[in-house]
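This report looks at how two chains meet, how one of them is divided, and how selected strands pair.

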Amino acid sequence: MKKEGKKVQISERRRFFTNIAQSTGLGIMGGLLWAGYAEKAKSSPLTLRPPAALEEKDFLRTCIKCGLCAEACVNRPSNIDKESGKPRPGTLKMAKAQDDVAIGTPFFVPVEVPCYMCDDIPCVPVCPTGALDESSVTNKEGELDFKMMDMGIAVVDPNSCIAFWGIQCDACYRACPLLDEAIKLEYGRNERTGKHAFLIPVIEMNICTGCGLCEKACVTEKPAIFIQPREIALGKPGSHYVKGWDQKDQERVAERVGTDVTTHGKRSEKEAADYLNEGVDFE
Amino acid sequence: MSNYKYLILRRISQITLLVLYFGGNAYGWKMLTGTISSSSVLGAMPLSDPFAVLQMLAAGAALSFDVILGAIIIALFYGIIGGRAFCSWVCPVNMVTDAANWLRRKLYIDKIERKIWVTRNLRYYMIVIALIVSFLTGMAAFEVISPITILNRGVIFGFGAGAGLLVAIFFFDLFVLKNGWCGHICPLGGVHSIIGKYNLFRVKHNSDNCTLCMKCKDVCPEVQVLNMIGKRSESVLMQECTNCGRCVDVCDDDALGFNIRNYIKK
């Protein structure tokens, strides 16, 4: 009797659960590999996105990788070479697998082709998903405004910028489409020679759009002025530092009315005048 | 030559679309701009890949009106008319896997190889996994690895290292698994199978004319859908049929042909 019992009965239920377990196991293994790759395939934090792009996390969610922005960029009328009638290389590139940018998403490399800040911003309205957000470059009058673009910010390396050496160079200043607004020249006296001036480029961080024309124009072997995403290049002082000399910044203090900024501790239970006068006989 | 009628029409369809896409970027043609993920016809009508839109939703994107409309247009077109025709008439990877399959027949690999069995339902699991991974990583997961968009973008914007994936799929289909990519793995094919489940255009079999030569089963990329050959006169109703018409092409006995599915008479 026992010999017959050795033959295992495979019930339909056992078969069902085993199948489920097998599929689940395969699914989890595949899913983990896939998720790991997708996570790695996200972009380098140094990636520069087209104008009006959403914040990177939302951009990756929303971009459908259709390339309409890149096509609008390369085929814009101002990009057609008048002599040959053919378009020059466009600013926006669609990422390939080797680019260290999420595959198929648009980006640009200013030192190759910078953004020319077209006043009709052809790359933005064509976006079907809103990954390039038209409202972020639309001014109060409802017009597209290239001054509102924000792709990054120019950063100057004072060690390799020859203007800091005292050599007169204003290539970036002149290349800037927001001339004398986004890059200003700061004059200084060259103590070394005693008779020359420093003309030092200074970036206005609220105006610079990160178009990269300065990086393209820079004369040094590797550009001494270059575009970085704002999150990478900029610090953050914190809201409790207020510019006392700036009226607009001062208004932030007024906004804080009602919030208690005093530190409460053992020593602040009484007014200073009270504890200083404690035990003093005024008679 | 009639043996290649639908094959030639399909290649014309696939290549024409690629040429239009290419011209949209290279010469600024307005007919069809964008890529296979999302396009614009004459700068007016949006078209979007429903699966990409679904993944974006899973990833947590706020969907715009345009992509939703584009996905609905595509879903309605294939749902009513095309069936799974995207896979055989539009998708550029179909040309890669068809080439692998053709070579596979020429080299008699079917007859020699050690068979690996993989369920053809894998593609439906892939859909679910793609949506879960999209949710977890916050980006459309299949779009990161999709050879379809890699090939399509490669033609339009130039190829990169992603082209290696296409070579891999070619050799996988050739030496490892017959119809491996299109017939087993590709989740986009799964999505289009589901979308096209109730469409009107179907291949119809007339078993009275059938001489059981089985040429149709030799060429069919989804051979399970031809289960009625020589047995019953009926339409090919399984959703995995890609409406490629290859079986109609190779049939010398007029036993297969395109027909409009009859929903009224039962």
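The paragraphs below take up the chain contacts, one residue of chain B, the domains of chain A and two hairpins.

The model is a predicted one. In it, 40 residues of chain B are in contact with 33 residues of chain A. On the side of chain B that touches chain A, the largest share, six residues, is supplied by helix α7 (residues 122–137) of chain B. Sorted by class, that side of chain B holds 18 nonpolar, 19 polar and three charged residues.

A residue of chain B that reaches across to chain A is S48(B), whose contacts beyond four places in sequence include I64(A) and P128(A). Within its own chain, and with the same exclusion of residues up to four places away, S48(B) touches S38(B), V53(B), V67(B), G70(B), A71(B) and I74(B). S48(B) lies in strand β3 (residues 45–48) of chain B, and it counts as buried because 30 C-beta neighbours fall inside 10 Å, where 20 or more are required. By contrast with these contacts, the C-alpha atom of Y4(B), a residue 44 positions from S48(B) along the chain, is separated from that of S48(B) by 31 Å.

Strand β3 of chain B also takes part in a hairpin, in which S48(B) is the bridge partner of S38(B). A second hairpin, in chain A, is formed by β4(A) and β5(A), and there N190(A) has H196(A) as its bridge partner in β5(A). The table sets out the pairing of the strands and the turn residue for each hairpin.

| Strands | Direction and bridges | Residues between strands | Turn residue and phi |
|---|---|---|---|
| β2 (residues 38–41) and β3 of chain B | antiparallel, four bridges | three residues | L42(B), positive phi near 55° |
| β4 (residues 183–190) and β5 (residues 196–203) of chain A | antiparallel, eight bridges | five residues | G194(A), positive phi of about 80° |

Chain A is divided into domain 1 (41–150) and domain 2 (152–233), and the centres of these two domains, taken over C-alpha atoms, are 24 Å apart. Where the domains meet, eleven residues of domain 1 of chain A are in contact with 15 residues of domain 2 of chain A. The side of domain 1 that touches domain 2 in chain A consists, by class, of nine nonpolar and two charged residues, with no polar residues.

Methods: Residues numbered from 1 in each chain as written. Chains lettered and ligands numbered in written order. Predicted model: local features only at pLDDT ≥ 70, side-chain atom pairs only at ≥ 80, totals over all residues. Contact = placed C-beta atoms within 7 Å. Nonpolar A, V, L, I, M, F, W, Y, C, P; charged D, E, K, R; others polar. Buried ≥ 20, exposed ≤ 12 C-beta atoms within 10 Å, placed from the backbone. Domains from an automatic or database assignment. Pairing = 2+ DSSP bridges.
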